[in-house]
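Me: I would like a close look at a single part of this model, one helix and the elements packed around it. Please take me through it in one connected answer.

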Amino acid sequence: MKRRDFIRMSSYGVAGTAALSGVTTDWFGLYGNRTVNPGTDGEQVVPSFCELCFWKCGILAHVKDGRVTKIKGNPKDPLSQGHLCPRGAGGTGILYDPDRLKKPMVRRDMRGSQEFEEVSWDAALNEVAENFERIKTRYGPEALALFSHGYGGNWMKHLFHAYGSPNIAAPSYAQCRGPRDVGFDLTYGWGVGSPERTDIKNSRCLVLIGSHLGENMHNTQVQEFAEAIRNGAKVITVDPRFSIAASKSVEWMPIKPGTDIALLLAWMNVIIGEGLYDRDYVEAYGYGFEQLQAHVQPYTPEWAYTRTGLDPDPIRRTARIMAAERPATLVHPGRHVTWYGNDTQRSRAIALLNALLGSWGRKGGFFVPSAMDIPPYEYPGYLDHEAQVADRPDPSAYPLADQVLAQGVCDATIPSGIGDSRIKGWMVYGSNLPTTLPNPEQTYRAIQELDFLVTVDILPAEIVGWSDVVLPEATYLERCDEVFAPPWRTPYVAVRQEVVPPMYDSKPGWWIARELGHRVGLPDFFPWQDSVEYAKTRVEAAGLDCDVLQRDGVIVGEQGPIYFEEGAAPVFWTDSGKIEFYSQKLAAQGFDPMPTWHDEEAEDPPQGYYRLLFGRSPVHTFGRTTNNRLLSEVMDENGVWVNRKIAQRWGLTSGDRVYLQNQDGVRSTFSAPVKVTDRIHPDAVYVVHGYGRKAKKLRQVYGKGIDDAELITRFKTDPIMGGTGMNVNFVTFLRAEDVEETSAAGSSLESEGQEEEVMAGLVSPAGRKGVAV
Amino acid sequence: MSDVRFGMAIDTRTCVGCAACVIGCKTENATAPEFSRDWIYTLLEGEYPDVRMTIRSERCNHCEDAPCVTVCPTGSSHYGPGGTVQVNPDKCSGCKACITACPYDARHIDPRSGAADKCTFCMHRLESGITTTSCQEICPTQSIYFGDLNDPDSKISRALATREAYVLKPDAGTSPKHFYLK
């Protein structure tokens, strides 16, 4: 960062500009005490974009003496706008994590034993390539699946397309955003994308349903959330937990978990019943409004009260606030929405409520984004994938899934009653499946069935311990990646650059993919020498100046109209070409064409049990950052949030350590301290996701707190698109001293016992390598 | 210039307590592991479901009448440029009198130097002409105001003039220059 002349202090009105510079010199000159300069300003400042989460904020990385000293926001970047969340500021914590994977490794012992031999890259890559070739020859390319999370995964996806497997899965779909995107697509013919096209900063009324902005730190959204509050926007938060966002709200609606659809229907009942909806908008763009009008008539606030536990008055009051501020009312679509298995319908209900308020395509609602046109790199063309995606039990299941279902691919790895497994090998890129997919026991079973498992990762996460070959990747600060040109208010392109060379013997993902591509006979798909050449080719094909991009980190284009009222085209890629209040597509597939309340979908916790909810901490991106020592200074363990009255009933006080045990008798491997609080519904407990880690080589986080994922033995699959609803587990408390006493007396912990059993039986059917299966 | 009086204010309406300020400070100032010069305080009042929460990003208050300066036997703790409170580590004996005297728990001993350590309002940045503190610069919600309290047109002065604000422990009589906007 350039030193600015002190005269710029005039922006704070320090003194008259004319007098300032001289006085300034005197001021500091006369100051007899030494000012300590920590010396963290970089000799070089390299622009790039972040990967502490997946928002991809522009950063400026300061480098001094070959070390990254600090990371700031890039003011030119449309997403960070010069500011960062704590994770982005703490990126050096991953770069300099002493637990990083340092060398390629090959397993020499049972799967899961975490015993590896360090080998050369050549040996490791040859082994991966041999297994890829063997699987292709024996079973076809589709028997190899990729699980991927993170932007570097694009190189692996490319490798898999070239190799010929359609089984390219990301848990970010069916375990996270998928139902939302399908629900909005069914309604508007568009998803909301990432970064989401939410015009939060211009909202006059922002409705958050379980969406915990401020704890979920997607930077631009949080920046705009604050801006909206500064501008006097009314925030309405629906959450069983008094979230940070709830604390900023005019109304907090502590809904009974699992009943959101009832509330959404009641809101629509009020808004339509009282004639508060946007008639012109609905008439111009809507399809099937009359059906919706009739449909929501029985769903009065009084009716909703009996399901949600929310008084009719606040339901009416909030509906009227939403209507009063429309169309600048944004009912936020959320992001992690795989909660109860009816999530596509809940997302549909949110989409419909927005449509009634006329907020889609309108200022303060959802803007119409545009992306910079960066032509793709020209390859000879991917092979046609003849094979079916192996992610569902039969081809008719989950008919509206439009991406591969990670859970389904995992299931297809386990031989079924009717035949052999369809998936024989996995590559796992940056995705710790045992904490990402529900029911980790099922994931471990699948892993046992695999002929071959290779992981590309930065840290020795749990999945790494189960791998046959481990390829240590360079962090985002040590590699150039695919360019990033997302749809946004302003079209732009950002570049990820190598800030410092890869440490240890780690290699960037592009290099790994390219080396593997060459080894499996696909050199035509990797004609570029490195990712810089690749990125340059694309950027120059777009007619942009690569030097500018490398210097600034971003090139920002011209903003066109982003609202209908500014001239953005109201285009809806639905069957009717309109906003579908009534979905023919859903009706044709035998689903409710409009969101409908089904009493049997709501479930009360059994006596003495509480619904297990999980979410985010602002300083962590789930398990990806919980080993980051810098961020761990702020939070190094999760706690179990328990409603104060419930805690009193159990005799629990804050700090008491408990294990959680779920309805299926599965007990958490580790304990966590109780947080007694008035911030949570008495029916629920809450933990931050990403703790209770079992990988011993994650020395910072190992054994700290509770892993919610291992307690998610039950999940409800969304019949529409295969999302795994995970908020359907109930847990009870076991005092740590009681558990640890019994385990000392010889009765082992259930989950730990199970894990040991799994590990003991975990010799791969093929042996470690090369043996015919 | 002697008229400059640096102050800070936190907009508690928009601060989400994310701790970007903490990590931003730690990396800018290369503070010792496990020690930080700023921190997040939250207070919950009321009973479920009628609760209110206060969130504050806190640090040294750079008091006008700073007990840490008064008690410092070596002159290490002193009033620095712009009315800030600073520590000169060269003069610090590590006696911890200032740590005891500070009503705000804003100080610690840096285990590397053995000297008292705390927020400097990023004096090294101000000296080099950068007009923001690192916490202010990083803050994603732009909830941190910093500037000259003596200048009625500065953003912080305008905010303090138009909005209700408070200081911590006013009874301690320290006259903090760190404010919280309601």
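Reply: What follows is a walk around one helix of chain A and then the sheet beside it. The model is predicted, and the part chosen is helix H13 of chain A, residues 312-325. Its 14 residues should span 20 Å at 1.5 Å a residue, and the end C-alpha atoms are indeed 20 Å apart, which agrees.

The buried residues of H13(A) are A:Ile315, A:Thr318, A:Ala319, A:Met322 and A:Ala323. Because they cover an arc of only 140 degrees around the axis, they lie on the same side of H13(A). The background to such a pattern is that an α-helix has 3.6 residues a turn, so residues three or four places apart point the same way. On the other side of H13(A), by contrast, A:Asp313 and A:Ala324 are exposed.

The cover over the buried residues of H13(A) includes the strands E8 (205-209), E9, E10 and E12 of chain A, together with the helices H9 (260-273) and H12 (301-308) of chain A.

Those strands lead on to the sheet, an open one of 4 strands in chain A with the order E10-E9-E8-E12 and parallel pairing. Strand E10 (251-253) and strand E12 (329-331) of chain A are its edges, each pairing on one side only, and from one strand to the next the twist averages 10 degrees. At the E10 edge, strand E9 (residues 234-238) of chain A runs parallel to E10(A) and is joined to E10(A) by 3 bridges; within this pairing, A:Ile236 has A:Glu251 in E10(A) as its bridge partner.

Definitions and conventions
Residues numbered from 1 in each chain as written. Chains lettered and ligands numbered in written order. Predicted model: local features only at pLDDT ≥ 70, side-chain atom pairs only at ≥ 80, totals over all residues. Pairing = 2+ DSSP bridges. Helix = DSSP H or I, 4+ residues; strand = E, 2+ residues; numbered from the N terminus. Axes fitted to C-alpha atoms, helices over the stretch in contact; angles between N-to-C directions. Expected span 1.5 Å × (residues − 1). Buried ≥ 20, exposed ≤ 12 C-beta atoms within 10 Å, placed from the backbone. Arc of directions from axis to C-beta. Contact = placed C-beta atoms within 7 Å.
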